[in-house]
Amino acid sequence: MRVLGVDWGTKRIGVAVGDTEYKIASTRPFIVASGTLRKDAEAIIELAKKEQAEAIVVGLPLRDDEEPSQIAKIGMKLADHLSELGLKVYTINEALSSLEAEDRLKEGGLRAARRKDQRDSQAATVILERFFHEESAQA
């Protein structure tokens with residue numbers, strides 16, 4: 001199944017596309033956040049359709065010992081909007097995915113300005129990889 005990974009942010013929405021069979025994820029250019037969840041959801045759905053994705057994986061920054069943060073609650077609302085627009089939506093814990101993405105980009109030798117442009121979509125790749133791992137563990 002082809003899936004679209006989403007790392008939602010107030011300024012940029014990182015996106016990546018992957019395949020559950022091959023468990024490979026590839027970044028796509030980030031989407032500029034619109035300022036409203038409904039418009040962001042519509043832009044994500046449009047990209048998902050363009051990429052022929054059958055489902056969307058939304059990362060939520062969750063911690064085991066706490067109530068969901070405000071940003072996690074917003075991510076849940078985004079997931080609800082996406083679901084209302086017709087695609088299957090999964091959520092997964094994406095805690096520290098941006099830090100992991102930053103480390104990967106540093107290891108790749110990218111300068112700070114290039115890392116900033118790619119960090120959000122690289123975080124979406126991390127989200128998809130976690131989804132693939134969790135899906136394999138449940139199988």
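User: How many salt bridges does the structure hold?
Analyst: Four, going by this predicted model.

User: What makes Arg 2 and Glu 51 a salt bridge?
Analyst: Their side chains meet at 3.0 Å, N to O, and the cut-off is within 4 Å, so the pair qualifies. Arg 2 sits in strand β1 (residues 2-7) and Glu 51 in the loop between α1 (37-50) and β4 (55-60), so the bridge ties together parts 49 residues apart in sequence. Arg 28 comes into the picture too, linked with Arg 2 and Glu 51 in a network of salt bridges.

User: Why is Glu 51 called buried?
Analyst: Glu 51 has 13% relative accessibility. Buried means under 20%, so the label fits. Arg 2, at 27%, counts as partly exposed.

User: How do you know that Asp 120 forms a salt bridge with Arg 12?
Analyst: The closest N and O atoms are 2.5 Å apart, and that passes because the limit is within 4 Å. What the bridge from Asp 120 to Arg 12 joins is distant in sequence: Asp 120 is in helix α4, Arg 12 in strand β2 (residues 12-19), and 108 residues separate them. Asp 120 is also in contact with Asp 7 and Gly 14.

User: Is Asp 120 buried or exposed, and how do you know?
Analyst: Buried: its relative accessible area is 12%, and the label applies because the cut-off is under 20%. Its partner Arg 12 has 21%, which makes that residue partly exposed.

User: Why is Glu 84 called exposed?
Analyst: Glu 84 has a relative accessible area of 54%; exposed means over 50%, so Glu 84 qualifies. Glu 84 forms a salt bridge with Arg 38, with the closest N and O atoms 3.2 Å apart. That pair links helix α2 (residues 70-84) to helix α1 across 46 residues. Arg 38 itself is partly exposed, at 35%.

User: Why does Glu 94 have no salt bridge?
Analyst: The nearest side chain of opposite charge, Arg 130, is 5.8 Å away, and a bridge has to be within 4 Å, so Glu 94 goes without. Glu 94 is buried all the same. You'll find Glu 94 in the loop between β5 (88-93) and α3 (97-107), in contact with Asp 7, Pro 61 and Ile 127, among others.

User: Which residues are closest to the centre of the largest pocket?
Analyst: The largest pocket has a volume of about 410 Å³. Of its 21 lining residues, the closest to the centre are Asp 7, Trp 8, Pro 61, Ile 71 and Glu 94. By class, the lining has seven nonpolar, six polar and eight charged residues.

Notes
Residues numbered from 1 in each chain as written. Predicted model: local features only at pLDDT ≥ 70, side-chain atom pairs only at ≥ 80, totals over all residues. Heavy atoms only, no water. Helix = DSSP H or I, 4+ residues; strand = E, 2+ residues; numbered from the N terminus. Buried < 20%, exposed > 50% of the residue type's maximum accessible area, 1.4 Å probe, protein only. Lys, Arg positive; Asp, Glu negative; His and termini not counted. Contact = heavy atoms within 4.5 Å. 1 Å grid on protein atoms, 1.4 Å probe; cavity = no way out; pocket = protein on both sides within 12 Å on 5 of 7 lines; lining within 4 Å. Points joined across faces, edges and corners; volume = space filled by probe spheres on them. Nonpolar A, V, L, I, M, F, W, Y, C, P; charged D, E, K, R; others polar. Lists of a residue's contacts leave out its neighbours within four places in sequence.
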